[in-house]
Amino acid sequence: MDAEGVLRERLVDVGVELVLSEGTASVGLREIARRAGVSHGAPRRYFPTHRALLSAIARRGFEELSARSAAATAESDAPREKLGALAQVYVAYALERRGMFELMFRHDLLDSGHESGGPDGPRLREATLPMFEHVVELVALCRAEEVGPSAVVTASALWANLHGVAQLWSWGSLPLALGGPDGPGRLVEAALDAHLGPVTS
């Protein structure tokens with residue numbers, strides 16, 4: 001990687017640190033430049049807009065989540081087990097990397113087109129859609145059906161359910177409702193059973 005690429009990655013690194021420690025609202029080009037020890041104008045060479053910067057940070061989050069998901073599903077060939085592992089990783093990532101998780105799905109703040117703002121920039125959607133498409137495929141396999149509208153709707157509902165579990169757990173609402181020390185793992189299993197049916201022996 002050349003010096004320009006190294007600096008760009010350093011700016012994204014600083015942005016990730018800010019998102020995780022202080023939240024999305026704290027991330028600005030000037031603050032990132034200050035923390036990276038570069039001139040105020042330096043980030044503009046790589047991120048012409050605030051949305052472009054946030055998109056680059058979000059893309060890093062999707063890369064992290066994808067790597068964790070791949071590692072978690074490598075041990076099994078069974079679709080239901082793979083989907084269960086993905087679901088657990090998704091919620092665990094949300095709770096561990098809360099600021100990043102919240103940013104990753106705020107497409108009202110992100111540039112879902114060209115991340116860099118130029119015609120050759122990588123698209124954020126190229127990092128987001130493959131993960132969802134994989135969930136759709138696994139849902140179809142679990143239900144012994146073709147990939148189609150039904151699998152897409154079920155996968156979307158499951159995703160929304162898992163996202164809600166993650167958010168409500170992080171806000172403290174679900175622990176309060178459950179009234180016990182258990183983590184969200186049982187809720188993840190319940191969500192899978194609700195959308196796919198319980199596992200039968």
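Select Glu-64 to begin: in this predicted model its relative accessibility is 22%, so the residue counts as partly exposed. Keep Glu-64 displayed and add Arg-97, since the two side chains meet in a salt bridge with an N to O distance of 2.9 Å. Glu-64 belongs to helix H3, whereas Arg-97 sits in the loop between helix H4 (79-96) and helix H5 (98-104), so this pair ties together parts of the chain that are 33 residues apart in sequence. Unlike its partner, Arg-97 counts as buried, at 17% relative accessibility.

Stay on helix H3 and move to Arg-60, then bring in Glu-9, with which Arg-60 forms a salt bridge whose closest N and O atoms are 2.9 Å apart. Because Glu-9 lies in helix H1 (residues 3-22) and Arg-60 in helix H3 (residues 50-73), the contact ties together parts that are 51 residues apart in sequence. Arg-60 is buried, with a relative accessible area of 17%, while Glu-9 is partly exposed at 27%.

Next, select Arg-80 and Asp-193, whose side chains meet in a salt bridge at 2.6 Å, N to O. Here the link runs between distant parts of the chain, from Arg-80 in helix H4 to Asp-193 in helix H9 (residues 185-196), 113 residues apart. Asp-193 counts as partly exposed, with a relative accessibility of 31%.

Finally, return to Glu-9 and Arg-60 and add Arg-8 and Asp-13 to the selection: salt bridges that share partners join these four residues into one network. For a wider view, display every such pair in the structure, which holds 15 salt bridges.

Note on methods: Residues are numbered from 1 along each chain as its sequence is written. This is a predicted model: local features need pLDDT of at least 70, side-chain atom pairs count only at pLDDT 80 or more; totals for chains, interfaces and linings use all residues. Side-chain values use heavy atoms; hydrogens and water are left out. Helices (H or I, at least four residues) and strands (E, at least two) are DSSP runs, numbered from the N terminus. Buried means under 20% relative accessible area, exposed over 50%, partly exposed in between (1.4 Å probe, protein chains only).
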